[in-house]
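Visitor: I am new to this structure. Could you walk me through its spaces and its charged pairs?

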Amino acid sequence: MNNNNHKLGLVLEGGGARGAYHIGVLHALFEAGYKFDGIGGTSIGAVNGVMIAQGKFDECAEMWKSLEFSSFFNVENDYASNLASGKIDSDTIKYFFKFFKDSVKSSGVDTSKMLKMLKDNIDEDLLRNSGCDFGVMTVSLTDRRPKPIFIDEMPKGMVADYVMASASFPGFKVTVVEDKAFIDGGLYDNMPINMMIDRGFIDIVAIETKSDSTKRKTREMPAHIHYITPSFKPGRVMDFSQQSKMISVSIGYIDTIKILRGYIGKRYCIDASAHTPFGYGFADMSQELHVKISSIIAAPFTNVEGLCVSMCKAFKLDNVNIDGIIIEILERVAVAMDINKLKIYKLDQFILTIANLLSCEVAKTDFNSKYMQELLIVQSVIADRFIDSIV
């Protein structure tokens, strides 16, 4: 991503409570000095987007801290929490049976509470004078077609209504704006990049939520799309519990720091900035180590390149260099050990964190398993790399 005078667009994918991920990503981007000239979003992406377009990021982040299921709907939080977490007892079933039965009679779940929250947080004068373009994706049931709409097309006093239209999930009451009925834009395009391309943006940051809703294929044209994707799925769509939201925020922040600072790791955020120009040091380890790794996977050792091919075959890895392979195996072991993903690790700190748990992990693992091979490789790497610091 280039932070220069070129117009930079932001697209926020829908995803319910996973919209907390946007907050972590944007925290890191704003901390690094990024500014956006235009913002497009669908559903919760539209809700977050209208706050950001007003320059209200801090207020948006604070809003997320207090958001609960009952912030949007007339539902008791205890039952909502049970539903979101999957802890559904007979009382919860009875409660929601009645809730949905009443909602069907009323032509959908009442969203008046959510609309009020939007109106309380949208200052139209501030938005229209912010210098930041803003648009949402929704679907017109009246016209039977998608309806991308930008701020200059929204009549005065109607911005909150159009944001609500973008977030009118199936099962909610249909939102009526200017005598037309609308439903959630995620039914057509949950990541409205094309809408921003049509608006003239060719440099776009697109923040995903790993939503299963429809996403249109990006048009083939000279646009530079920079995707920021959760390294692991952030929470459930309707889980607005404090713990789930804070985890999503943390994932977003760490994923973005990894991109901005060039840190490594697929599952973890690893600062390998102290590495040599030739890699992270694994190729420079002793030949005895390379021979030992070959014996662990029962492959003859010829050279490091041959060892890479054998390891990729043994562990079903992409054919990369020895540095990438060792990092991948370290991460696999760390995941199995349930080592905290919501941290930024220095490379040696990451390896030593694994080292501190290694003996217990080896003791409880089937000796003939592939995982044991990974553990033995990690054990060998640690012994070779820290021969002077590990007793």
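Guide: Let us begin inside. This is a predicted model. By class, the lining of the largest cavity holds six nonpolar residues, one polar and four charged.

Visitor: Which helix gives the most to the lining of the largest cavity?
Guide: The lining includes S231, F232, Y268 and L342. I251, I254, D255 and K258 are also part of it. One helix gives four residues, the most of any: α11 (residues 242-261).

Visitor: How much space lies in the largest cavity?
Guide: The whole structure has two cavities of 30 Å³ or more. The space in the largest cavity is about 50 Å³.

Visitor: How many charged residues are in the lining of the second largest cavity?
Guide: This cavity has a volume of about 40 Å³. Its lining is V47, V50, M51, M63, M117, L118, N121 and I122. Helices α2 (44-53) and α7 each supply at least two of these residues. The classes are seven nonpolar, one polar and, for charged residues, none.

Visitor: What is the volume of the largest pocket?
Guide: The lining has 24 residues, and G15, G16, S43, F169 and V237 are the closest to the pocket's centre. By class, 13 are nonpolar, eight polar and three charged. The volume of the largest pocket is about 370 Å³.

Visitor: Which residues are closest to the centre of the second largest pocket?
Guide: About 280 Å³ of space lies in this pocket. Its lining divides into nine nonpolar, three polar and two charged residues. Of the 14 lining residues, the closest to the centre are F30, K35, F36, I52 and G55.

Visitor: How far apart are the closest N and O atoms of K116 and D120?
Guide: Both residues sit in helix α7 (residues 112-121). They are four residues apart, so about one helical turn separates them. K116 and D120 are both exposed. They form a salt bridge, and the closest N and O atoms are apart by 2.8 Å.

Visitor: Is D133 buried or exposed?
Guide: D133 forms a salt bridge with R199, with the closest N and O atoms 2.6 Å apart. The two are 66 residues apart: R199 lies in the loop between α10 (193-198) and β7 (203-207), and D133 in strand β3 (residues 133-140). R199 has a relative accessible area of 26%, so R199 is partly exposed. D133 has a relative accessibility of 16%, so D133 counts as buried.

Visitor: What is the relative accessible area of D271?
Guide: D271 meets K346 in a salt bridge of 2.9 Å, N to O. The pair links strand β9 (residues 269-271), which holds D271, with strand β10 (residues 344-346), which holds K346. K346 is partly exposed at 48% relative accessibility. D271 is buried, because its relative accessible area is 7%.

Visitor: Which residues do salt bridges that share partners join into one network?
Guide: The structure holds 17 salt bridges. Those that share partners join K266, R267, E328, R332 and E374.

Visitor: How many disulfides does a search of the whole structure find?
Guide: A disulfide is a covalent bond between the sulfur atoms of two cysteines. Here C132 is buried at 10% relative accessible area. C360 is exposed at 58%. The search of the whole structure finds a number of disulfides equal to zero.

Terms used. Residues numbered from 1 in each chain as written. Predicted model: local features only at pLDDT ≥ 70, side-chain atom pairs only at ≥ 80, totals over all residues. Heavy atoms only, no water. 1 Å grid on protein atoms, 1.4 Å probe; cavity = no way out; pocket = protein on both sides within 12 Å on 5 of 7 lines; lining within 4 Å. Points joined across faces, edges and corners; volume = space filled by probe spheres on them. Nonpolar A, V, L, I, M, F, W, Y, C, P; charged D, E, K, R; others polar. Disulfide = S-S within 2.5 Å. Buried < 20%, exposed > 50% of the residue type's maximum accessible area, 1.4 Å probe, protein only. Salt bridge = Lys/Arg side-chain N within 4 Å of Asp/Glu carboxyl O.
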